[in-house]
Amino acid sequence: MTIFTRRNLLKAAAAASLAGIGASAAGRLTGLAAAKPEPLVLKAVSIEAKLAEAGPTKNVLTYDAAGMPPVVRMRKGEPFAARLVNGIDDPTTIHWHGVRVPNKMDGVPFLVQPYVYQGDHFDYAFSPPDAGTFWYHPHCNTLEQMGHGLTGVIVVENPNDPVFDSELVINLRDWRLGDDGQFIESFRPRDAARSGTYGTVRTANWLDQPQYDAPAGGLVRLRAAITDVTRIYAFRVDGAEASVIALDGNPVPQRFAPDALQLGPGQRLELAVRMPDDEGAIVSLRDVRGTKPKVLATLRAVGKSLKRDLRDLGSLEANPVAEVDLASAKRIPLALSATAENVSADSICGSLGYSFWAINKVPWPGDTPDPTAPLAELKLGKSYVIDMENLTPHSHPIHLHGMSFKVLSSSTRRVQPLVSDTYLIQPDEKVQLGFVADNHGDWLLHCHIIEHQKTGMTSYFRVT
């Protein structure tokens, strides 16, 4: 993974600007509307990749035959197009996690689009309304496809953002590999009924503790996406001053140090890191959760100090997310619980064969052609507050498709009024999430620990 320097970013921005000027001038001269963007081709393929010391791992899935899925870059408010080409022997789709896309672009099979068979393709087109860090992944046979590598990071750029000296994008994920470096069973039922089945090899950008160079004394924008199917992280930065500037694609109301900040699968972290002045000094991004803390990646200071100051860093521009009207908002009760009521139905998009979890007492794996009734039917443009209660002894990163919510309050901790699409609810916690139903269609709501999603902790809202 290449770290982007300020010079390279400015050159790229200038080139894009010149290209835009040229296209605009050509349009005025010819009287033609601006051409649609050329679609980015994302072909799902199976490769061999070096993920462990034992040797190459077979049947690694990616959207880039050369290795890890590419970082997809978009620009806020500008048209984007991508063509998914399925080159694997398994139906698949793409979900643009956290991006508020039109419903038919959301990538959920049965609910909003057909799955894509081997040899077929599907065209996605939308204009991302929000800047920030997002990610993309399949929503069909998710445990196996995501577990085998089909997870990539999205960066939606805003030209009004403050200037950093470099940028680093990190894709965080586990792999379930045996001693021979090959894939082992993707889950164990007894673990799926608890916190989930953890991987055996932990990577950042498909590497073990990679190191990247960054300008000494400079400001680095570090974007990290948790694309893992199970692991919850507690982030800490050692060796440098660092501030959380955005979570889940949205600026934080008040910046703070990432002191064991817990985030779950599906969530994204943006840090401003002030590199040390001394050349060769090392900064580490660490996961300190659990009994096996790990250095995820390191930064090495290079060159003469730029002597930047975190306090001089300007604010990120807020995304255009509608403000919830609490006075008129309707309440939606939402209880997360365990269940043993049903066995999940078979589906062409995969089933784990168990039903361990439920939302409002209804278990739904989310990959069946005959979904349950919607959790609630919402009116377009109206305000709502989700009263979510976790009745289980495990944490759940609950993700809402298509819309963003504001965190209003929690029964267990003091919370900032963060705007997000994923909330990591703790055991026995009650939380209030306010949002405006401003995107028409059926929108999935589910736990992003994929074993929990696939064994019942899934539902959806219908906005009409």
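A cavity, in this tour, is a set of grid points where a 1.4 Å probe fits among the protein atoms but cannot get out. Keep that meaning in mind as you move through this model, which is predicted.

**The whole chain**

Begin with the entire protein chain in a cartoon view, where you can look for four helices and 31 strands. Of the chain's 464 residues, 56% count as buried. If you consider the contacts between residues at least 6 apart in sequence, 75% of them join residues at least 24 apart.

**The enclosed spaces**

Next, turn to the cavities, of which there are four of 30 Å³ or more. The largest cavity holds about 140 Å³ of space, and to find it you can select L143, G147, R176, S186 and V229, which are the closest to its centre among the 15 residues that line it. Colouring α2 (142-147) and β10 (166-175) is also useful here, since each of these elements supplies at least two residues of that lining. Sorted by class, the lining of the largest cavity is made up of five nonpolar, six polar and four charged residues.

The second largest cavity contains about 70 Å³ of space. Select A131, G132, R221, P251 and L316, which lie closest to its centre out of the 13 residues in its lining; by class, that lining has four nonpolar, five polar and four charged residues.

**The nonpolar cores**

Now show side chains and select L378, M388, F435 and F461, the residues with the most contacts inside the largest nonpolar core, which has 38 residues. In soluble globular proteins, nonpolar side chains tend to be buried together. Centre the view on F461 and, leaving aside residues up to four places away in sequence, you will find that F461 touches I332, L375, A376, L378, I386, L400, F435, G441, D442, W443 and L445. A second core, separate from the largest one, has 30 residues, including I170, A216, V283 and L296.

**An open sheet**

Finally, return to the cartoon and follow six strands that form an open sheet with mixed pairing, in the order β22-β21-β24-β29-β26-β27. Its edge strands are β22 (357-359) and β27 (419-420), each of which pairs on one side only. Within this sheet, select β26 (residues 405-410) together with β29 (residues 430-436), which run antiparallel and are joined by four bridges. Which residue of β29 stands opposite K406? Zooming in on K406 shows that its partner across the strands is G434.

Notes:
Residues numbered from 1 in each chain as written. Predicted model: local features only at pLDDT ≥ 70, side-chain atom pairs only at ≥ 80, totals over all residues. Heavy atoms only, no water. Core = buried A, V, L, I, M, F, W, Y, C linked by side-chain atoms within 4.5 Å. Buried < 20%, exposed > 50% of the residue type's maximum accessible area, 1.4 Å probe, protein only. Contact = heavy atoms within 4.5 Å. 1 Å grid on protein atoms, 1.4 Å probe; cavity = no way out; pocket = protein on both sides within 12 Å on 5 of 7 lines; lining within 4 Å. Points joined across faces, edges and corners; volume = space filled by probe spheres on them. Nonpolar A, V, L, I, M, F, W, Y, C, P; charged D, E, K, R; others polar. Pairing = 2+ DSSP bridges.
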